[in-house]
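Thank you all for making the time this morning. I would like to walk you through one structure, taking a residue and its surroundings as the starting point and going on from there to the charged pairs.

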Amino acid sequence: MDKITIKDEYIKLGQAMKLAGLVDSGLEAKEVIQAGKVLVNGEVDTRRGKKLVPGDTFSYQGKEITVE
């Protein structure tokens, strides 16, 4: 499982996906999130602006990332 480290108290899901290298652009993140292809803490979440805090996980295409 890979990890991303944030400096603030949260990061939005779309930004986290870009930071983790799972997508190349914000538009791509928006499309895959709205299509229901991203899991947050094991459940589908279609909100690109979903706030992730340390301890949260998200996954896309079999890659799971933990927020630290």
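Let me begin with leucine 13, which, if we leave aside its neighbours within four places in sequence, is in contact with Ile33, Val38, Val40, Asp45, Arg47, Arg48, Lys50, Leu52 and Phe58. Please keep in mind throughout that this is a predicted model.

Leu13 also belongs to the largest nonpolar core, which has 18 residues, and Leu13 is listed there among those with the most contacts inside the core, together with Met17, Val38, Leu52, Phe58, Tyr60 and Val67. The elements that give two or more residues to this core are helix H1 (13-19), helix H2 (26-34), strand S6 (57-60) and S7.

Two of the contacts of leucine 13, Asp45 and Arg47, bring us to the charged side chains, since the side chains of arginine 47 and aspartate 45 meet in a salt bridge at 2.8 Å, N to O. Aspartate 45 is buried, with a relative accessible area of 9%.

How many salt bridges does a search of the whole structure find? The search finds two, and the other pair joins glutamate 68 to lysine 3, with the closest N and O atoms 3.4 Å apart. Because glutamate 68 lies in the segment after strand S7 (63-67) and lysine 3 in strand S1 (residues 2-4), this pair ties together parts that are 65 residues apart in sequence. As for their surroundings, glutamate 68 is partly exposed, with a relative accessible area of 38%, while lysine 3 is exposed, at 54%.

Key:
Residues numbered from 1 in each chain as written. Predicted model: local features only at pLDDT ≥ 70, side-chain atom pairs only at ≥ 80, totals over all residues. Heavy atoms only, no water. Salt bridge = Lys/Arg side-chain N within 4 Å of Asp/Glu carboxyl O. Helix = DSSP H or I, 4+ residues; strand = E, 2+ residues; numbered from the N terminus. Buried < 20%, exposed > 50% of the residue type's maximum accessible area, 1.4 Å probe, protein only. Core = buried A, V, L, I, M, F, W, Y, C linked by side-chain atoms within 4.5 Å. Contact = heavy atoms within 4.5 Å.
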